[in-house]
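Dear colleague,

Please find below the structure that I am handing over to you, together with its sequence. My notes on what was found in it follow directly after.

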Amino acid sequence: MNDLDTQIRETLARHAEVVRTDPDAWGAITERIERGSQIELRTIGAPTRRVPLLLAAAAVLVVAMVGAFLVTRDDDASIDLGPAAPDEVEGGVPAWFDRGSAAPVYQSKQADPDAAVARYVGDRFGETSPALTVAPVVRNGAFASATWRTNEEGGVLIASGTILLREDRQENEWEVVGSFIDQVALDGATHDGVRARIAGRNWSGQTARLDAGGGAWAELADEFDRTLEVGAEAWTIRIELVGGTTLGIAELRLDPPKGYPIWPVVGYEALADLQADADERGLVSQPPVEVAIELATEALGMTVEDATTPAGGTAPDFETVTLGVGDGQQLVVQMGRAAIEGSRWYVIGAATPGFGVFVEDGVATVTAPVSGALGIQQRTDIARLGSIVLSDRAAPDETTSVAWSGTGIIQAELLADDGQRYVYVGIVR
Amino acid sequence: MSPPWADELVVLYQAQYDRMVRVAFLVCRDAAVAEEVVQEAFVSVHGAWDRVDAPAAYLRTAVLNGCRSWGRRQILERDRRPTSPSATADLGADELWDAIGRLNDRQRAAVVLRFYEDLPDEEIAHLLRCRPATVRTSIHRALAALRKEISR
């Protein structure tokens, strides 16, 4: 082991050692799980009693800061639950929403989460909203949340929801990263670089409308599935419940794909031509193994003899299928699951084990496991190969590189001296 | 009534939580984000419990996915932000630590998994969704970059 290796090990160990974890992390985890299910989990250690005190303290702050149109909620009071949710429908914060990575929908310029909520609510609901009630902010480290409800006169619930915040420590402000309505289920939201799509259900009994951009609003049916042409720009999905004024708001921002998933549009739009059951986004609802086989046979001209997947799946929203393609060769196909519907997949890339192209800083470098004739081509799409960028020989003990300035699909093939065929297909961004 | 696997999830938590937070911290270099990522990863493990054969491996994958997800967002915002402060800033100036922080996300993750977790290339490749050859290339380039930085 050389000195640098040792220094790295020591440096990482030293910095890791001083990280202090939340002693009530198990409580936080069980809270997250129980928000999504009703399964009882064992408690570790003494339950915390800090929250009610914090709630009380925060309540005072909220009242002081947000003005007369915000009223703190008495958590002990009986609450009208409002419209009942249909069976197997969950409103509020969707399970797929990741508040750690979500882009902000509202930058409050406030260093205090209560003030940030007050500003957001005032901006989004306006001062004419009837009987809007906002509960005190609950903070957990760099994250915070606040619930709200709108009531008719007499206290009958119209709608309720949750605002999620995250601290931006560099900017010293709390930003709203998502806002959700308990009576509106968002089954999913995607942005494929061309279109944004939102699907869900509204059982509030109120009119729901979607901000379609340019000042236009589209009224949503009780079950909705809307696609908007938004181009490559980030897009904020904003749904309002309205009834003369704003009664509820759901809001989240979608960024176009920058890194991963890397092959949802270019590759699969074309592959969709080969698919009888591909939808308009080019995603296919076949099982991953069938998608992989079709890619190998239709796009790469291989003969598939068998297919295997890891038991239990590869990872969340990720699947690897290993195909036997004859002569003892394999093709490993990697796929990702589209967020909006769990049964729909796109291809990330495919490669014969040991063979591949590593593209960085404008140079494509080939890793060749055996000697043979090498070709690198651009693929216009999954159905059509483009120009040959490199035609050369490659060997395991040599570095074969070529300047690569473009983006899109790169395909490399190595015809080994023993006749074996090696293939790599991936995306360069 | 607790489901039969609840105790196993507790055992997984007790065995892995602190370690995973430290791994996440070394990759994303923000202690609060690291805790958030790991807590969400446990939620993922819980959701997939019935179909997962190796919960600890699944957890580690989910943690790396969470770090990657957070890293993508940082890329989008990098232009308008200074470098994220370290939770261990009180350790004082640390040239090598700073240099590791300047590696790209994949290189830094590969370095952490190799030199902190002591994982083989194949397992790192699985976690980073790339080929073992790419892992070797990433680590080779990372070491070259680190060597260059600390020799200045």
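I begin with Ser101(A), which lies in the loop of chain A that runs between helix H3 (50–66) and strand S1 (106–107). Please keep in mind throughout that this is a predicted model. Ser101(A) has a relative accessible area of 18% and is therefore buried, since the cut-off for that class is under 20%. Its C-alpha atom is separated by 8.8 Å from that of Val177(A), although the two residues are 76 apart along the chain.

Also in chain A, three strands form an open sheet in the order S7-S8-S11, with antiparallel pairing. Strand S7 (184–191) and strand S11 (223–229) are the edge strands, as each of them pairs on one side only. From one strand to the next, the twist averages 10 degrees. In general, the strands of a sheet pair through backbone hydrogen bonds, in either a parallel or an antiparallel manner. Strand S8 (residues 195–202) and S11(A) are paired in the antiparallel sense over seven bridges. One residue pair can be named here: Arg201(A) has Glu223(A), in S11(A), as its bridge partner.

The cysteines may be of interest for your work at the bench. Over all chains, the count of disulfides comes to zero. Cys28(B) is in no disulfide, and the nearest cysteine sulfur, which belongs to Cys67(B), is 4.7 Å away. Why do Cys67(B) and Cys28(B) not form a bond? The sulfur of Cys67(B) has its closest cysteine sulfur in Cys28(B), but the 4.7 Å between them is too far for a bond, because a disulfide requires the two sulfur atoms to be within 2.5 Å. As to their surroundings, Cys28(B) is buried at 4% relative accessibility, and Cys67(B) is likewise buried at 4%.

Finally, some remarks on confidence. Chain B has a mean pLDDT of 78, and 78% of its residues reach 70 or more. Within chain B, the pLDDT is below 50 over residues 75–92, and this stretch has 33 contacts in the model beyond near neighbours in sequence. For the complex, the predictor gives an ipTM of 0.89 and a pTM of 0.39.

Yours sincerely

Terms used: Residues numbered from 1 in each chain as written. Chains lettered and ligands numbered in written order. Predicted model: local features only at pLDDT ≥ 70, side-chain atom pairs only at ≥ 80, totals over all residues. Heavy atoms only, no water. Helix = DSSP H or I, 4+ residues; strand = E, 2+ residues; numbered from the N terminus. Buried < 20%, exposed > 50% of the residue type's maximum accessible area, 1.4 Å probe, protein only. pLDDT = per-residue confidence, 0-100. Contact = heavy atoms within 4.5 Å. Pairing = 2+ DSSP bridges. Axes fitted to C-alpha atoms, helices over the stretch in contact; angles between N-to-C directions.
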